[in-house]
Amino acid sequence: MSSNNIDLHTHTTQSDGSASPAELIARASSKRARAIAVTDHDTVAALDEARHAAERFGLEFISGIEISAEYSPGTMHILGYCLDERSVALNEQLGELREAREKRNPEIAKRLQTLGLDISYDEVSTAAGNEVVGRPHFARLMVERGYATSIQDAFDRFLKKGAAAYIEKARLSPRASVNLIRDAGGVAVLAHPYQLRLSSYEAVDELVAELAGFGLDGIEAIYSRHSPDERVAYAEIAARHGLLVTGGSDYHGSYKPDIDLVTGLGDLEVPYALLEEVKSRAASRR
Ligand code: AMP
Ligand code: ZN
Ligand code: FE
Ligand code: FE
C-alpha cells in the first residue's frame with residue numbers, strides 16, 4: 001500500500017544523482033510514495049526509463065526538469081512539471097544549457113589544477129558517465145583523492161558560489177527559464193527559495209511578484225532544508241500571489257547523503273493533494 005506522500009524534486013544518474021532512473025523509482029516505491037517527479041538538471045533523458053519503471057511499480061509519474069537561472073548573490077532554480085519532453089524548442093534550449101556546462105566544466109578543472117589539485121576534467125566526466133556533468137561530480141572525485149573530507153567540504157572550500165574554483169556558466173534569465181517551461185506546456189515552480197539568500201520574506205515576496213508577472217505558477221515551500229517556519233512563510237507568499245505550493249526532497253543519493261527520497265531529512269511530508277493542483281493547472285492550459 002502506498003502512503004499519501006509524494007516527492008516532486010529528485011535527481012538521477014542522468015544529472016548529478018547517484019540512483020539510476022529505475023533505482024530511484026524502486027526506492028520511491030519502497031518508501032511508499034504515491035507519486036514521483038524526476039527533475040534532473042538540464043536534461044529529460046531519465047524520464048522514459050523512470051516512467052516505465054513507475055508503471056511497473058504502480059506509482060504515478062510526473063515529468064520534470066530543473067533549470068538554473070541567472071541570479072545573484074544566491075541561487076535561483078526553476079522546476080518544470082508536466083511538460084512535453086519531446087518539445088523541439090525545449091530540447092534545443094536544454095542542449096544549449098548542456099553546452100554551457102561543457103564550456104564551464106574544463107575551466108573548473110583548470111582552476112583546481114592551478115590550486116594544486118590533481119583533478120582532470122576527463123576523469124570527472126568519465127566518472128559522471130552522462131551528458132550532464134555537474135559540480136557534485138567534481139566534489140566526489142575530490143573526496144576520493146583526499147582533497148576534501150566530504151562532498152559538502154569540497155563545495156564549501158572550492159566549488160560553491162564565490163569559492164576559489166567557482167566558475168560562472170551561461171544561464172537563462174528567470175523570465176526565459178519560466179517561458180521555456182511554460183512554452184513546453186509545463187508548470188513553472190520556484191525551487192527551494194531559501195537558496196535565493198534574500199534577507200527578508202518581504203524581499204522574497206517582491207521577487208515572487210516579479211516572477212509571477214512572468215508566468216511563475218508555484219513555490220516549492222515544502223523542501224528538505226526548509227525549517228517548519230520557512231515552509232509556512234513561503235506557502236503564505238505563494239497564497240498571496242495566487243501561486244501553487246509544491247514540495248520535494250531534492251534527493252541526489254550519495255551526492256547529498258543526508259537527504260532521503262520522499263522523507264528528506266526525516267520530517268518531509270508532501271501530500272498528494274498538492275500534485276492535483278499542479279496537474280489541474282497544467283490541464284487548464286491544454
Ligand atoms: P551545477 O549545476 O553543476 O552548477 O551544480 C549544482 C548542483 O551542485 C546543485 O544542484 C547541488 O546538487 C549542488 N550544490 C550547489 N551548491 C552547493 C553547496 N553549496 N553545497 C552542496 N551542494 C551544492
Ligand atoms: Zn543537483
Ligand atoms: Fe536546485
Ligand atoms: Fe535539485
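A residue counts as buried when its relative accessible area is under 20%. Keep that cut-off in hand for this predicted model. By that rule, both D16 and H41 are buried.

Start at the zinc ion (ligand 2). Its protein donors are D16 (OD), D16 (OD), H41 (NE2) and H252 (NE2). They lie 2.0 to 2.7 Å from the metal. The site is irregular, with angles of 51 to 160° among six donor atoms. Along the sequence, the donor residues follow the spacing D-x24-H-x210-H. D16 sits in the loop between β1 (6-7) and α1 (21-30), and H41 in the loop between β2 and α2, so this pair ties together parts that are 25 residues apart in sequence.

Now move to the second metal. The zinc ion (ligand 2) and the iron ion (ligand 3) are 5.8 Å apart. The iron ion (ligand 3) is coordinated by E66 (OE), H77 (ND1) and H192 (NE2). Those distances run from 2.0 to 2.2 Å. The spacing of the iron donors in sequence is E-x10-H-x114-H. E66 belongs to strand β3 (residues 60-69), while H192 is in the loop between β5 (187-190) and α8 (201-214); the pair therefore ties together parts that are 126 residues apart in sequence. E66 is buried, at a relative accessible area of 1%. H192 is buried too, with 1% relative accessibility.

Next, look at D40. This residue lies in the loop between β2 (35-38) and α2 (47-57). D40 touches the iron donor E66. Its other contacts, leaving out residues up to four places away in sequence, include T10, H11, T12, Q14 and S15. A46 and I65 are also among them. What does a buried acid do without a salt bridge? The nearest side chain of opposite charge, R101, is 9.5 Å away from D40. A salt bridge needs a side-chain nitrogen of Lys or Arg within 4 Å of a carboxyl oxygen, so R101 does not qualify as a partner. Instead, the D40 side chain reaches the backbone nitrogen of T12 at 2.7 Å.

Salt bridges do occur elsewhere. The structure holds 19 of them. Take R51 as one case. Its side chain meets that of D48 in a salt bridge, at 3.7 Å from N to O. R51 and D48 are three residues apart in helix α2, so about one helical turn separates them. R51 is partly exposed, with a relative accessible area of 26%. D48 is partly exposed as well, at 47%.

R51 also forms a salt bridge with E85. Here the closest N and O atoms are 2.8 Å apart. E85 is in the loop between β4 (76-81) and α3 (88-114), and R51 is in helix α2, so the bridge ties together parts that are 34 residues apart in sequence. E85 is buried, with a relative accessible area of 15%.

Two further cases round out the charged pairs. The side chains of R171 and E168 meet in a salt bridge at 3.8 Å, N to O. R171 counts as buried because its relative accessibility is 15%. E168 counts as partly exposed, at 47%. Finally, R182, D217, R281 and R285 are linked in a network of salt bridges.

Key
Residues are numbered from 1 along each chain as its sequence is written. Chains are lettered from A and ligands numbered from 1 in the order in which they are written. This is a predicted model: local features need pLDDT of at least 70, side-chain atom pairs count only at pLDDT 80 or more; totals for chains, interfaces and linings use all residues. Side-chain values use heavy atoms; hydrogens and water are left out. Helices (H or I, at least four residues) and strands (E, at least two) are DSSP runs, numbered from the N terminus. Buried means under 20% relative accessible area, exposed over 50%, partly exposed in between (1.4 Å probe, protein chains only). Lys and Arg count as positive and Asp and Glu as negative; His and the chain ends are not counted. A polar contact is a pair of N or O atoms within 3.5 Å; within protein, one must be able to donate a hydrogen and the other to accept it, and residues adjacent in sequence count only if both atoms are side-chain atoms. Contact means heavy atoms within 4.5 Å. Donors are N, O and S atoms within 2.8 Å of the metal (3.2 Å for Na, K and Ca); water is not among the atoms, so sites may look incomplete. Four donors count as tetrahedral if all angles lie between 85 and 135 degrees; four count as square planar and six as octahedral if opposite donors are over 155 degrees apart and all others between 65 and 115; anything else is irregular.
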